[in-house]
Amino acid sequence: MFDFVANRRWFFRASGVVILIGLISMLYSFIAFGSPVRQGIEFTSGSMMTIRFEQQVEQTALREEMARLGHYETIIQRTGEGDYIVRTRELAKEERDPATGEVITPSERAQIEDALEARFGALTVLDFSSVTPTVSSETRDVATIAVAVASVAILLYVTWAFRKLVRSFRFGVCAVIALLHDVLVVLGIFSLLGVLFGMEINAMFVTGILTVIGYSVNDTIVVFDRVRENMTKGFGGPLDSVVNRSIIETLPRSLNTGLTTLFVLLALFLFGGSTIHSFVLVLLLGVIVGTYSSIGIASQLVVVWDRGGFGRFFRSIRRVVPRRATA
Amino acid sequence: MSRRQIITLVVIIAIAAFSVAALVTNIGGREGLVLGLDLRGGTNLVYEADFSGIEEGRQADALRGAKDIIERRINAYGVSEPVIQIVGSNRILIQLPGVTDIEQAKDLVGKTAELVFREEASGGSTFLAAAAEAGDTDIIVAGVSGFHTGDAFVIGAADSTEAESAIAAEIVGANNTIALESPLKHAHPLDEPVTNVWMVSTGTIEGDEIPLTGQYLKPNAFVDINQQTGEPVVRFEWDETGAKLFSQVTGRLIGQPLAIFLDDVLISAPTVQAQIGASGIIEGLNVSEAEILAIQLNAGALPVPLNPIQEQTVDATLGADSVRRSVIAGIVGVVLLLLFMTMYYRLSGGLACLALAVYAAVMLMIFKMVPVTLTLAGIAAFILSLGMAVDANVLIFERMKEELRAGRTLRPAIEAGFNRAWPAIRDSNISTLITCAILYWFGSRMFGGAQVMGFAMTLGIGVLVSMFSAILVTRTFLRVTAFTPVARTLSLFRP
């Protein structure tokens, strides 16, 4: 039988490597674009429209035309269906002459549509949205608060649900560390996708992250539940063998549930259309990482903690830091 | 088979039958499911109220009043199933399904639609010209007598020199600094060599000087065509007060222009031909502008100015495309799911699939009956919840397998499987419900929030129904099967 607990270092290392790559990407992205992940208009304010052209239009030609209109800031993306997502700063409204009521300057959106139509032929604006800076900064705040509140709520809930166990608080903390691990991995991958392909996060991304949090904990709880049961059943023995036994007993369930969820998500990802592509990608990654962390991270951390591993870890940091400082 | 199990089975079949019936008929007066804006196309707007001119205690009332007026405007315009909600303390959310012309939607909804009648100030031009020469903006404003709050100034010259532009700019700048109740609204160079000062027209009723505004209109304005010009006009009627004021004003201004300003923009300034009282017309608009103005005059002016802070339109074809794609994705996903479950868990898996069908029918029935507005994210949540709903079954089956392996017979194994799996199902689902609640809160105060709220709502309902499905439906199916001859073949339950 495979000893998951004895091999926990490999899980930690694998996670460490993925997270490190993510962090490096975030750092690079922060230096290059001023933010660890590329943010959509919900977070930065601006206007965004999806345009479908009747004729074939080259991305470079579109970019050129937008620049000619003075929109050098335009970010253009091609969707899977061949439409273009055009992102600009917040577009201005039309201006009217107060004395005559006539339109002096048409809205910037109308200007862009007219210019593109003149050059590339008939087009349809499939969707258009515009966000002011007030709203975007609010959305940022709310998103941060939501992730923080979710973490605290989960911590409290897990602590309460496992209150019959000795040191149930540890289970709560480890569940939260595991979910932060999942969030960090997904963020890192999105940061990388942002650096490489210009992928942006939007409000649905935050929704996806929060769902991942729920899913991750859901998964972790099933393993914890088995630990709870095996411990109260009095299998005794050291915690690591109880945890290992619990992981193995719940393994088919963890994998099967992960698989069934992956099936539907994969179908959504492949056939569901580009509008929710990035959202489904978050969930897809989240389910994989969530399943992984419930096996390789969450309950393993409980063992590490039990063996005083955290204490050693922090002591070693404390030992390393002053040594560097004096060197 | 016990009596209780038979009753439960009958209840489940009844629920499933009811759900299917509710879906195919139009129970609750609705044909299909309620689709969100992103699926059927439309416009989503959020406005923020500018409370700067309203005292603290009356702000909530003003916002409610604005919402009522917007509702009246939209109903008069003829949008089916609009959503108009107050969000927080100073915002109004408006969803207009089927409306994709965002500029027109904004004209309709967000304009204050304050109609004010103004006349030329006597000696205004000379007065301002002299003051402009003096270059002292303070004197201009302080020296003007007989003006009222809301008077509009239009200043300009054909060959507007730099100096004149500067003066114009200064006057506007003075607007912010002068203690007078800000009469200066616009200053801007024109092509024509005119210098107009428009002041609010007033009449006197019982000794009080009252400005002539749109608030004295009867709510029966309509669009007509001017027989002579063929241009659209808006015909309106005054109420008693309005008629008195209008007759005083027109009587005084025969041969002079009477300007009509809508939200401080001049619409037209016809010359008054004769004294008129009860009714009038507004010219100088195109057909759609005239239609919107008539609606706005009837609904009344907004009690508080609104500024758009978010806007979004989705084309109907994109929505239809999204629905089609989601349905395909859902079918593919579910087929994969069913195959996996029956291959891996055999008969139990097959029963779980049956339970999943009941789950899906109940979910869709709830969506239709509540009704839950389905958005793209909501559909994703529903499809995701199908994958997650099997989770409880997987938990139970794994437990059952363990019990069977430990040598128990089928029926005790089923019971033990359910009892042992329950705490895990309960605790893990509660954690998902917690995140759903947080998501819902999150969605209620952010951009694109309808999507997020739809997702949270759908997933939350999904979690609750899936618990019912696993505990009641799958269990009953298994219990009932345990009494049939197939139960003798244990391998059907144990891969």
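The C-alpha centres of domain 1 of chain A and domain 2 of chain A lie 40 Å apart, in a model that is predicted. Domain 1 of chain A is made of two stretches, 8-39 and 135-324, while domain 2 covers 46-131. Where these two parts of chain A meet, 4 residues of domain 1 are in contact with 6 residues of domain 2. The side of domain 1 that touches domain 2 holds 1 nonpolar and 3 polar residues, and no charged ones.

Within chain A, A:Ser47 offers a starting point, and its place is in strand 1, which spans residues 46-53. A:Ser47 counts as buried because it has 21 C-beta neighbours inside 10 Å, and the cut-off for that class is 20 or more. Once neighbours within four places in sequence are left aside, A:Ser47 is in contact with A:Ile41, A:Thr88, A:Glu90, A:Leu91 and A:Ser130. A:Phe128 is 81 residues away from A:Ser47 in sequence, yet the two C-alpha atoms are 7.4 Å apart in space.

A:Leu69 is 22 residues from A:Ser47 in sequence and, C-alpha to C-alpha, 15 Å from A:Ser47 in space. The loop that holds A:Leu69 runs between helix 3 (59-68) and strand 2 (75-78) of chain A. Is A:Leu69 buried or exposed, or does it fall in between? A:Leu69 has 16 C-beta neighbours inside 10 Å and therefore counts as partly exposed. Not counting residues up to four places away in sequence, A:Leu69 touches A:Gln111, A:Ile112 and A:Ala115.

From here the path leads to chain B, which has 13 helices and 14 strands. Of the 495 residues in chain B, 43% count as buried, and among contacts in this chain with a separation of 6 or more, 75% are between residues 24 or more positions apart.

Strand 11 of chain B, residues 258-262, is mostly covered, with 5 of its 5 residues buried. On one side of strand 11 of chain B are B:Leu258, B:Ile260 and B:Leu262, on the other are B:Ala259 and B:Phe261, and all of these are buried. Strand 11 of chain B runs antiparallel to strand 4 (residues 115-120) of chain B, and 5 bridges join the two; in this pairing B:Arg118 stands opposite B:Ala259. Strand 11 of chain B also pairs with strand 12 of chain B, in the antiparallel sense and over 3 bridges, where the bridge partner of B:Phe261 is B:Leu266.

Strand 13 of chain B (residues 279-282) shows an alternating arrangement, in which B:Gly280 and B:Ile282 point to one face and are buried, while B:Ser279 and B:Ile281 point to the other and are not. Strand 10 (residues 232-237) of chain B runs antiparallel to strand 13 of chain B and is joined to it by 4 bridges, with B:Val234 opposite B:Ile282.

The two chains also touch one another, and the contact takes 62 residues from chain B and 59 residues from chain A. On the chain B side, the elements that give two or more residues include helix 4 (102-110), strand 14 (306-314), helix 10 (316-369) and helix 13 (449-482). That side of chain B divides into 37 nonpolar, 15 polar and 10 charged residues. A strand pairing crosses between the chains, where strand 6 (residues 123-131) of chain A and strand 14 of chain B are antiparallel over 5 bridges. A:Ser130, already met as a contact of A:Ser47, has B:Glu311 in strand 14 of chain B as its bridge partner.

The interior can be followed through its nonpolar cores. The largest has 133 residues, of which A:Ala175, A:Val186 and B:Ala380 touch the most other members. Helix 11 (residues 376-405) of chain B gives the most to this core, with 19 residues. A second, separate core of 71 residues includes A:Leu62, B:Leu37, B:Ile94 and B:Leu318.

Some caution belongs to this picture. The predictor gives the complex an ipTM of 0.77 and a pTM of 0.75. Chain B averages a pLDDT of 76, with 81% of its residues scoring at least 70. Over residues 123-127 of chain B the pLDDT is below 50, and this stretch has 4 contacts in the model beyond near neighbours in sequence. Residues 129-195 of chain B also have a pLDDT below 50, and on that count this stretch has 85 contacts beyond near neighbours in sequence. Where pLDDT is low, predicted coordinates should not be read in detail.

Technical notes
Residues are numbered from 1 along each chain as its sequence is written. Chains are lettered from A and ligands numbered from 1 in the order in which they are written. This is a predicted model: local features need pLDDT of at least 70, side-chain atom pairs count only at pLDDT 80 or more; totals for chains, interfaces and linings use all residues. A nonpolar core is a set of buried Ala, Val, Leu, Ile, Met, Phe, Trp, Tyr and Cys residues joined through C-beta atoms within 7 Å. A residue is buried if 20 or more other C-beta atoms lie within 10 Å of its own, exposed if 12 or fewer, and partly exposed in between; C-beta atoms are placed from the backbone. Two residues are in contact if their C-beta atoms, placed from the backbone, lie within 7 Å. Ala, Val, Leu, Ile, Met, Phe, Trp, Tyr, Cys and Pro count as nonpolar, Asp, Glu, Lys and Arg as charged, and the others, Gly among them, as polar. Two strands pair if DSSP finds at least two bridges between them. Domain bounds come from an automatic or database domain assignment. pLDDT is the predictor's confidence in each residue, from 0 to 100.
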